[in-house]
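Open the model and keep the sequence beside it. Work through each exercise before you read its solution.

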Amino acid sequence: MGLTGIMIYKMLPQTNCKECGDPTCLAFAMKLAAGKAELSACPYVSEEAKAKLSEASAPPIRVTTLGQGDSAHKMGGETVKFRHEKTFVNPTGIAVAVTNKTGAAVVDAELALLNEMGFERVGLVLKPNLVFVWDENKDEASFVALAGKVAGATEKGIILSSENSASLKAAAAKLGGKKFAIHPVTAANADDLLAFCKEKGCVPVVQGTDLDALSAMGEKVIAAGLKEAILDTGFKGFRETLTDNIGIRRAALDKKVRSLGFPTIAFPCAMTDHKELQAAYAAALTGKYAGIVVLGTLDPAMAMPLLVNRLNIYTDPQRPMTMDQGIYDLNNPGPDSPVIITTNFALTYFVVAAEVEASRVPTHLLIMDTEGMSVLTAWSAGKFVADAMAPFVKKSGIAEKVNHKKIIIPGYVAQLSGEFEEELGEGYEVLIGPREAADLPKYLKEYK
Ligand code: SF4
């Protein structure tokens, strides 16, 4: 169990100086206990208290990282049960299972998808993250060969899985200096494999068939002095796995059970052979609350919706995705090219930019900072209005790029055209563009 707010309060200076941003030391202590504040926010904590509080101030679900360099993927670190409370921070790792039972061609195809898949959406590239290397045949030689092949093929995180500890160790020897995990670490092999993890710097995936058994395994991880681990409740059906994941999250956050404060792994690949159903299970488990979902294939028809679903779940609902304010030149525009102004809501930008690019009409796109609001929202909030837009246009530098003074506004805010023209001053002409971005290509082709 973690420390309570009162226990933490007794270790704080109790001067209520407010420098941490909270009105009292007690308020700060309560936030710290709930995992909603950082100990470093108080500059006056003694070294002795810091040592004692470090456990309490660690995130209730510890962060675990697998993979190398740009392919390293963090899991865990969550502090809330519902994304509207704050936000989820480290997206569920999407993993593909490869085994020594399937043929080499299947393994090669999945590894190629793992390495090459990248869907671009709202300026981000969405990718799968991990590979689960399974000794399905219970055959050490082919398992070790498979591990070596995977290690040579990808920098993404690797989870080795075998019921045979000797096979796990032999396969681990093929991974060079890579950061990897081993599965399953059970009550029977824990002493041996936790010591191995400590020596090699790898991550144990500890297994317990119910939450009590899993918590006991988490205790062993903590007692071994390991900071990273992954929790597994075994190959179960969807309903049981979902229930386990919810129970683990609740125990870690509400009851501060440190031994369950690690990211989890779930196996939609073992729940069904039906690809679409597997994707649906993985989508639900991404929301509640798997740290990793293991799929049987990265077939793009299955992986893409999962990647987009994950993006939606792990986007901060209180902070809209935004673009930087400025001029975006599309299709190599020149001084005669049209100028369109719109807001910096990322979705607005990408929808408009995609249509402009599709039109092939060279265009300057002026993106104005409206705190990530879309056109109508920004207009009704007084952020995309004539007396704010005109100063932005004048300071944007667009006058140096074009030889005309025409500016196209979104059709949804046609009503501000007159006032905008007045604010811009003599010579400016405000044109009313289409309401829908889909109508931009036709509009731009007819622009004079
Ligand atoms: S900064 Fe430290 S001493 Fe000051 S109010 Fe916050 S917790 Fe108390």
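A residue counts as buried if 20 or more other C-beta atoms lie within 10 Å of its own, and as exposed if 12 or fewer do. Keep in mind that this is a predicted model.

**Exercise 1.** Find which residues of helix 7 (residues 190-200) are buried, and explain why they line one face of the helix.

*Solution.* Step 1: apply the cut-off. Ala 190, Leu 193, Leu 194 and Cys 197 are buried. Step 2: look down the axis of helix 7. The buried residues fall within an arc of 100°, so they line one face. Step 3: check the other side. Asp 191, Ala 195 and Glu 199 are exposed there. Step 4: look for packing partners. The buried residues pack against helix 6 (165-172), strand 8 (180-185), strand 9 (203-207) and helix 8 (211-223). Step 5: go just past the helix end. Gly 201 has a positive phi of about 75°.

**Exercise 2.** Place strand 6 (residues 130-134) among its pairing partners.

*Solution.* Step 1: test burial. Five of the five residues in strand 6 are buried. Leu 130, Phe 132 and Trp 134 lie on one side, with Val 131 and Val 133 on the other. Step 2: take strand 3 (residues 93-99). Strand 3 pairs with strand 6 in the parallel sense over five bridges. Ala 97 stands opposite Phe 132. Step 3: take strand 7 (residues 157-161). Strand 7 also pairs with strand 6 in the parallel sense, over five bridges. Here Phe 132 stands opposite Ile 159. Step 4: trace the chain. From strand 6 it crosses through helix 5 (residues 140-153) to strand 7, a right-handed β-α-β crossover.

Note on methods. Residues numbered from 1 in each chain as written. Predicted model: local features only at pLDDT ≥ 70, side-chain atom pairs only at ≥ 80, totals over all residues. Helix = DSSP H or I, 4+ residues; strand = E, 2+ residues; numbered from the N terminus. Arc of directions from axis to C-beta. Contact = placed C-beta atoms within 7 Å. Pairing = 2+ DSSP bridges. Right-handed = clockwise from strand over helix to strand, strands pointing away.
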